[in-house]
Amino acid sequence: MNPADELRTAAEKIRTLSKAISAPDERDQVFHAEGTDVTQGRTGLYDVATTQTTELADYIAAMHPGVGTALAAWLESWTGIEMYEAHALPEDARHALAVARQINGTAT
């Protein structure tokens, strides 16, 4: 898979995952961590996850679908830019590929 495909695949995966847990109403995109419970919503709370630790709950709440959407947009912003790993890549391109590979599960 070439770098452009890796970035596109990661962006698509993040968008799919973000949509799967999006609130029924766009106004409900607030996530809360209380103890080990993560909930979603402004007007009503929807259970999202229960974790083993409060730190993990805080992390999940911070990485809500809005973060995923922004991350996908950043990865997609590289569309049309040719990247060849045989040549030196700019630092931000290396970071984008590293993130994409973590999302895709192909990091080495």
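**Val 38 and its surroundings in a predicted model**

Biologist: Which residues does Val 38 touch, leaving aside those up to four places away in sequence?

Modeller: In this predicted model, contact is counted when heavy atoms lie within 4.5 Å. Val 38 itself belongs to strand β2, which covers residues 37–40. Leaving aside residues up to four places away in sequence, the residues that Val 38 touches are Phe 31, His 32, Tyr 46, Asp 47, Val 48, Ala 49, Ala 57, Ile 60 and Ala 61.

Biologist: Is Val 38 buried or exposed, and with what relative accessible area?

Modeller: A residue is called buried when its relative accessible area is under 20%. Val 38 falls under that limit and is therefore classed as buried, its relative accessible area being 1%.

Biologist: What is the order of the strands in the open sheet?

Modeller: The sheet has 3 strands, and their pairing is antiparallel. Strands β1 (31–34) and β3 (46–50) each pair on one side only, which makes them the edge strands. Neighbouring strands are turned against each other by 25° on average, with direction ignored. Read across the open sheet, the order is β1-β2-β3.

Biologist: Which residue of β3 stands opposite Val 38?

Modeller: Strands β2 and β3 pair in the antiparallel sense over 4 bridges. Within this pair of strands, Asp 37 stands opposite Thr 50, while the residue of β3 that stands opposite Val 38 is Ala 49.

Biologist: Which residue takes a positive phi in the hairpin of β2 and β3?

Modeller: The two strands of this hairpin pair in the antiparallel sense, and there are 5 residues between them. The positive phi, near 125°, is taken by Gly 41.

Biologist: At about what angle does α2 run to β1?

Modeller: Helix α2 spans residues 54–62, and the helix lies across β1, β2 and β3. Angles are taken between N-to-C directions and run from 0 to 180 degrees. On that scale, α2 runs to β1 at about 175°.

Biologist: Which residues make the nonpolar surface patch of about 310 Å²?

Modeller: A residue must have over 30% relative accessible area to be part of such a patch. Tyr 59, which lies in helix α2, is exposed with a relative accessible area of 51% and so passes that limit. The patch is made by Leu 56, Tyr 59 and Met 63.

Terms used. Residues are numbered from 1 along each chain as its sequence is written. This is a predicted model: local features need pLDDT of at least 70, side-chain atom pairs count only at pLDDT 80 or more; totals for chains, interfaces and linings use all residues. Side-chain values use heavy atoms; hydrogens and water are left out. Patches are made of residues with over 30% relative accessible area and no salt bridge: like charges are joined within 9 Å, nonpolar side chains (Val, Leu, Ile, Met, Phe, Trp, Tyr) within 5 Å. Accessible areas come from the Shrake-Rupley method with a 1.4 Å probe; for residues, only the protein chains shown count as cover. A salt bridge is a side-chain nitrogen of Lys or Arg within 4 Å of a carboxyl oxygen of Asp or Glu. Buried means under 20% relative accessible area, exposed over 50%, partly exposed in between (1.4 Å probe, protein chains only). Two strands pair if DSSP finds at least two bridges between them.
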